Amino acid sequence: MFDFGVPGYRPQWMTGLSVVMAAQGIRLAGLVGRRLSRVLVVWDPDEDEWFADGLVLLDFDGEQVEIVHQRFHDVSITWNTVDPAQPMDWAGEGFRLVWRDDAFREVAALEGQELRAVELLDWVGDDIAKGTVALSFVFPQGRITVYNALDENGIEFDPPDLRYDRHVVGEAEEPKGDMARDREQA
């Protein structure tokens with residue numbers, strides 16, 4: 001089994017919304033209320049660019065979710081198995097890869113925010129991507145979505161494309177203070 005350049009890593013491949021929901025929904029929902037500590041991506045320092053074939057790590061107060069997409073519909077979600085302090089070796093290819101936590105300027109605005117919701121996004125567009133599953137993490141002031149960019153990862157910070165069906169797997173309750181009462185009266 002290919003380890004994505006991470007010694008000891010074992011992806012857990014899933015295909016389809018119902019499979020991902022059954023296997024990971026409860027654990028993903030358990031992230032709600034935690035603060036985003038950091039996001040790590042694999043970086044190619046020789047090309048000075050994101051290596052989108054590698055894993056994406058999101059750390060929520062010490063609970064690390066590890067996401068990687070491959071082929072047209074496969075996603076692997078694992079937990080706390082990757083040590084980013086360890087060096088990577090991409091199948092003995094000999095090119096350097098490193099973890100980077102500042103690859104996207106949008107992440108800095110999300111770090112420290114409390115996770116408000118986790119959504120699984122099911123692509124329903126009438127194209128080859130139909131049936132791919134993306135993971136979207138919603139914060140008070142933004143979101144990050146890790147999606148299948150057709151045999152590699154993609155990352156977005158905007159609201160999901162309308163061709164996604166959104167399935168909330170975990171969501172924080174609204175506070176019962178003045179703001180909630182004001183909304184009820186409106």
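Visitor: Which residue in the turn of the hairpin formed by strand 5 and strand 6 has a positive phi?
Guide: In this predicted model, strand 5 and strand 6, the latter covering residues 74-79, pair in the antiparallel sense over 6 bridges, and Gln70 stands opposite Asp74 in strand 6. The hairpin has 3 residues between the two strands. The residue in that turn with a positive phi, of about 50°, is Arg71.

Visitor: Which residue takes a positive phi in the hairpin of strand 4 and strand 5?
Guide: Strand 4 and strand 5 also pair in the antiparallel sense, over 5 bridges, with Leu58 standing opposite Val65 in strand 5. This hairpin has 2 residues between the strands, and the one that takes a positive phi, near 50°, is Asp61.

Visitor: How many residues of strand 5 are buried?
Guide: On one side of strand 5, Glu63, Val65, Ile67 and His69 are buried, and on the other side Gln64, Glu66, Val68 and Gln70 are buried as well, so that both faces are covered, a residue counting as buried when its relative accessible area is under 20%. For strand 5, which spans residues 63-70, the number of buried residues is therefore 8 of 8.

Visitor: How many aromatic pairs does the structure hold, and what is the angle between the planes of Phe60 and Phe137?
Guide: The structure holds 7 aromatic pairs. Among them is the one formed by Phe60 and Phe137, which is tilted, with 5.6 Å centre to centre; this pair links distant parts of the chain, with Phe60 in strand 4 and Phe137 in strand 9, 77 residues apart. Both Phe60 and Phe137 are buried, and the angle between their planes is 35°.

Visitor: Which residue forms a stacked aromatic pair with Phe60, and is that partner buried or exposed?
Guide: The rings of this stacked pair lie 6.4 Å centre to centre, with 10° between the planes, and the pair links strand 4 to strand 9 across 79 residues. Phe60 has a relative accessible area of 0%, while its partner, at 4% relative accessibility, counts as buried because that value is under 20%. The partner asked for is the buried Phe139.

Visitor: Where in the protein is confidence lowest?
Guide: The protein averages a pLDDT of 89, and 91% of the residues score at least 70, with the highest confidence, at 98, in strand 4. Over residues 178-186, however, pLDDT stays under 50, and the model has 2 contacts beyond four places in sequence for them. Where pLDDT is low, the predicted coordinates should not be read in detail. Confidence is lowest, at a mean of 44, in helix 3.

Conventions: Residues are numbered from 1 along each chain as its sequence is written. This is a predicted model: local features need pLDDT of at least 70, side-chain atom pairs count only at pLDDT 80 or more; totals for chains, interfaces and linings use all residues. Side-chain values use heavy atoms; hydrogens and water are left out. pLDDT is the predictor's confidence in each residue, from 0 to 100. Helices (H or I, at least four residues) and strands (E, at least two) are DSSP runs, numbered from the N terminus. Contact means heavy atoms within 4.5 Å. Buried means under 20% relative accessible area, exposed over 50%, partly exposed in between (1.4 Å probe, protein chains only). Two strands pair if DSSP finds at least two bridges between them. Rings of Phe, Tyr and Trp (its six-membered ring) pair if their centres lie within 6.5 Å; planes under 30 degrees apart count as stacked, over 60 as edge-to-face and the rest as tilted.
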